[in-house]
Amino acid sequence: MKKYVKPFLWVLLALLLLSQFIRPARNQSNDQTHHISTKFTVPDTVESILKVACYDCHSNYTRYPWYANVQPVAWWLADHVNEGKRELNFSSFTTRKIAVQNHKLEEIIEMIREGEMPLSSFTWVHRDAILSQGQKDLLINWAQSGMDSLKAHYPADSLVLRRGKPAPPK
């Protein structure tokens, strides 16, 4: 059994070294055409919080730390960012249906209140993304004002997110 350990370690090392040349695409488009700020007022105080605590995973522009150049960490980060953007992307926010925009603002409030965002795995490394209660309240109030704005400009039934087929009439 011992005679297989050394060759296995050499193969593992070779694979690790080769993997350094296979890099995922970087999330660094700075296109702001459909950014949330094109439709909703985003005060500077809110924008600064979003930049530090949200945009790396929830926009089309990620600020990469040095360790994002090391595989397999870069693959994990790319997957993490892609998943975050699937859930909420501030850079393409206004391309979504009004009901989805309303729902996403509602989810922002819920996730912050429940302490689910920002993720602890993110704040563990990025200590500056840990939100104070004041920052949380600011984001919650901002998201609520966005929902209030939608409510004032659109019919109530257009703000309801419909999933799947409607129930048959009874």
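## A walk through an all-helix model

Let's start on the surface: V5, F8, L9 and L12 make a nonpolar patch of about 390 Å². Patches are built from residues with over 30% relative accessible area and no salt bridge, where like charges are joined within 9 Å and nonpolar side chains (Val, Leu, Ile, Met, Phe, Trp, Tyr) within 5 Å. The areas come from the Shrake-Rupley method with a 1.4 Å probe, and for residues only the protein chains shown count as cover. Before going on, please keep in mind that this is a predicted model, in which local features need pLDDT of at least 70 and side-chain atom pairs count only at pLDDT 80 or more, while totals for chains, interfaces and linings use all residues. Residues are numbered from 1 along each chain as its sequence is written, and side-chain values use heavy atoms, with hydrogens and water left out.

Two members of the patch are worth a visit. L9 sits in helix α1, and V5 is placed in helix α1 too. L9 counts as partly exposed because its relative accessibility is 49%; the classes are buried for under 20% relative accessible area, exposed for over 50%, and partly exposed in between (1.4 Å probe, protein chains only). V5 is partly exposed as well, with a relative accessible area of 44%. From V5 to I130 the C-alpha distance is 43 Å, with their positions 125 residues apart in sequence.

Now step back to the whole chain. Its secondary structure comes to seven helices and zero strands, where helices (H or I, at least four residues) and strands (E, at least two) are DSSP runs numbered from the N terminus. How spread out is the chain against a compact globule? Its radius of gyration is 21 Å, well over the 15 Å that the globule rule gives for 170 residues, so the chain is more spread out than a compact globule. That radius is taken over C-alpha atoms, and the rule is 2.2 Å times the number of residues to the power 0.38. Along its principal axes, the C-alpha trace spans about 70 × 45 × 30 Å.

Of the 170 residues in the chain, 35% are buried. The accessible surface comes to about 11,500 Å², with 61% of it belonging to carbon and sulfur atoms. Among contacts with a separation of 6 or more, 80% are between residues 24 or more positions apart, a contact being heavy atoms within 4.5 Å.

The loops give us two local views. A25 lies in the loop between α1 (2–19) and α2 (44–53), and A25 counts as exposed because its relative accessibility is 72%. A25 and A78 are 53 residues apart in sequence, with their C-alpha atoms 7.7 Å apart in space. S91 belongs to the loop between α4 (73–87) and α5 (98–113), but S91 is buried, at a relative accessible area of 4%. Leaving out residues up to four places away in sequence, S91 touches D31, H34, H35, H58, S59 and N60.

Next come the charged pairs. The structure holds three salt bridges, each a side-chain nitrogen of Lys or Arg within 4 Å of a carboxyl oxygen of Asp or Glu. One of them joins R63 to D56, with the closest N and O atoms 3.2 Å apart. Here R63 is partly exposed at 44% relative accessibility, whereas D56 is buried at 5%.

In helix α4, E83 and R86 meet in a salt bridge with an N to O distance of 2.8 Å. These two residues are separated by about one helical turn because they are three residues apart in the helix. E83 is partly exposed at 35% relative accessibility, and R86 is exposed at 53%. Helix α5 holds E107 and K104, also three residues apart, about one turn of the helix. Their salt bridge has its closest N and O atoms 3.2 Å apart. E107 is partly exposed at 24% relative accessibility, while K104 counts as buried at 10%.

Finally, the cysteines. How many disulfides are there? The count comes to zero, a disulfide being a pair of cysteine sulfur atoms within 2.5 Å. For C54, the closest cysteine sulfur is that of C57, and a distance of 9.1 Å is too far for a bond. C57 is likewise in no disulfide. Both cysteines are buried: C54 has a relative accessible area of 16%, and C57 has one of 11%.
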